[in-house]
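Reader: I'm new to this and keep tripping over the terms. Could you walk me through some of them with a real example?

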Amino acid sequence: MPRILLTGATGYIASHTWLALLAAGHQVVGVDNFANSSPVVLPRLQHLAGEVLLFERVDVCDLPALRQVFDVHAPDAVVHFAAHKAVGESVERPLDYYANNLGGLMAVCRAMHAADCRHMVFSSSATVYGVPERLPITEDAPLAATNPYGQTKLIGETLLRDLVASRASWQVATLRYFNPVGAHPSGLIGEDPRGVPNNLMPYVAQVAVGRRPFLQVFGDDYPTPDGTGVRDYIHVVDLALGHVAALARLFDAPGSFTVNLGTGRGASVLEVVRAFEAASGRPVPYRVLPRRPGDVAACWADPTLAHELLGWRARFDLARMCEDSWRWQSLNPNGFEAS
Ligand SMILES: NC(=O)c1ccc[n+]([C@@H]2O[C@H](COP(=O)([O-])OP(=O)(O)OC[C@H]3O[C@@H](n4cnc5c(N)ncnc54)[C@H](O)[C@@H]3O)[C@@H](O)[C@H]2O)c1
């Protein structure tokens, strides 16, 4: 089986993908600089995988260090997750976002080029669609970034398209994730945001567990069934399996591709609140505030292409996403650091 280099390996989505790749029989080498994750993830992953994991503490912007990783481990493909991801922070610190997300991507591509490794799976985002003109969103929808984080994904996609155009040997799978939520069913790994969560589900989970007094709902006057924003939430385990399927396609068939990874169904903020209350048996009090500038009313994927190309489809529903998220939150009320 091919050997896979996972960047950002101890992060939320990559840690779940690591397990999925091992379960599919891949050899995996993880790298991370712990900019937004905890080393505690590693023994937990090792416990779940039942084998010793290969890991190097490396900043992906550090090309000489990356080259050394390629020399030692000779990966056949890279799944490139490492990036900063907070939209609000990217508006305040654009240089850090451009430097880390694009500097990291370029260094990874250079190291791959030098090592004759030409297969990459790239973490993109539904954020590249900006304000969608039509729902559900198909991959050929117009692209527009509305903040520096989104720009780094859009420019990253462009860079990779140019690379693929320069040499046919490059094969890149660009995966546009919708809203990843949930956790591994063991409750041992999950999303552990630092500070105030930017995303809805971890915020709801922290309210349910008593870490925060109430949820702030930004806007209940959107043109949606209950007035609150609608998003396409996807279980992180389904997302992880999407990466396994994308790698299989890259190795089995020539060509690069870009696909949405979403469920194709939207859920409103209040639907998520109700589903979480049902899963946890705890109340999730909320207060309605004005709309947040830059938020779109509704966004959900057309995942047809991912099914056609990869044979992949999301399986877990919102109830299951909330159950797994609650198990992770209740077993780890203060995240990894308190372990
Ligand atoms: N979570 C989401 O809502 C979402 C949605 C769409 C796309 N994405 C993308 O998916 C990828 C993973 O997201 P996540 O939610 O797992 O985030 P995360 O922050 O949990 O994981 C990212 C990991 O990358 C590491 N990292 C960052 N910069 C690094 C560097 N220079 N060198 C080495 N490691 C570095 C961090 O320490 C962290 O462990 C990111 O590229 C993100 O932009 C995430």
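Reader: What makes the Asp-59 and ligand pair a polar contact?

Author: Keep in mind that this is a predicted model. A nitrogen atom of the ligand sits 2.9 Å from an N or O atom in the side chain of Asp-59. A polar contact needs a pair of N or O atoms within 3.5 Å, so this pair counts.

Reader: How do you know that Tyr-149 makes a polar contact with the ligand too?

Author: Same kind of check! A polar side-chain atom of Tyr-149 is 2.6 Å from an oxygen atom of the ligand, and the cut-off is 3.5 Å, so it passes. Tyr-12 joins in through its backbone: a polar atom there is 2.9 Å from a ligand oxygen.

Reader: And how much of the ligand does the protein cover?

Author: On its own the ligand has 820 Å² of accessible area, and the protein covers 96% of that.

Reader: Which elements give two or more residues to the shell around the ligand?

Author: Those are α1 (12–23), β5 (119–125) and α6 (148–166). The top contributor is β5, with three residues. By class, the shell has 13 nonpolar, 11 polar and four charged residues.

Reader: Now the sheet with the order β12-β9-β14. Why are β12 and β14 called edge strands?

Author: Each of them, β12 (267–268) and β14 (298–299), pairs on one side only.

Reader: What makes β9 and β12 a pair?

Author: Pairing takes at least two bridges. Strand β9 (residues 230–231) and β12 have two bridges, in the antiparallel sense, so they qualify. Arg-231 stands opposite Ala-267 in β12.

Note on methods
Residues numbered from 1 in each chain as written. Predicted model: local features only at pLDDT ≥ 70, side-chain atom pairs only at ≥ 80, totals over all residues. Heavy atoms only, no water. Polar contact = N/O pair within 3.5 Å; in protein donor to acceptor, adjacent residues only side chain to side chain. Areas by Shrake-Rupley, 256 points an atom, 1.4 Å probe, with all protein chains shown as cover. Helix = DSSP H or I, 4+ residues; strand = E, 2+ residues; numbered from the N terminus. Nonpolar A, V, L, I, M, F, W, Y, C, P; charged D, E, K, R; others polar.
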